[in-house]
Amino acid sequence: EWSDSGGDLARRFEDDEILTWVSLYWLTNTIGPSFRPYSDDYARPSKPEPVIVPTALAVFPADLVQEPREWVARRYALQRYTSMPRGGHFAAFEEPEVLADDIMAFFATIE
């Protein structure tokens, strides 16, 4: 459900990739800590300081959260907001070229 696979992970990922990720998290006992930022945000919502560093956000249609541009701009110095054509939570694995192009386009605008 976290990927842009239409429910068929084999469309987006090789079996060896999935087994590698699961093994890395499970065998190193780091699956719990990987969820901590999510649980911390829900358990103790905070009012963080605004981020003044130029910021970009790529929003992938199958990701878990679709942050509206207006919400992001309230806290960050948002310079680029891209609604991607495809991809999910694991965008760097699913759509590496699309993500890399967007990152490079953002940094090309930073002086």
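This report looks at helix 5, a residue in strand 1, and the salt bridges of the structure.

The model is predicted: local features need pLDDT of at least 70, side-chain atom pairs count only at pLDDT 80 or more, and totals for chains, interfaces and linings use all residues. Residues are numbered from 1 along each chain as its sequence is written, and side-chain values use heavy atoms, with hydrogens and water left out.

Let's start with helix 5, which covers residues 96–108; helices (H or I, at least four residues) and strands (E, at least two) are DSSP runs, numbered from the N terminus. Within helix 5, V98, L99, D102 and F106 are buried, where buried means under 20% relative accessible area, exposed over 50%, and partly exposed in between (1.4 Å probe, protein chains only). On the other side of helix 5, E97, M104, F107 and A108 are exposed. The buried residues pack against strand 1, strand 2 (76–83) and helix 4 (91–94), a contact being heavy atoms within 4.5 Å.

T55 sits in strand 1 and is buried at 15% relative accessibility. Its contacts beyond four places in sequence include R80 and F106.

Now for the salt bridges, of which the whole structure has 4. Each is a side-chain nitrogen of Lys or Arg within 4 Å of a carboxyl oxygen of Asp or Glu. Among them are these:

| Pair | Closest N and O atoms |
|---|---|
| R12 and E94 | 3.7 Å |
| R12 and E95 | 2.6 Å |
| R80 and D102 | 2.8 Å |

R80 lies in strand 2 and D102 in helix 5, so their pair ties together parts 22 residues apart in sequence. Salt bridges that share partners also join R12, R86, E94 and E95 into one network.

Definitions and conventions:
The expected span of a helix is 1.5 Å times one less than its number of residues.
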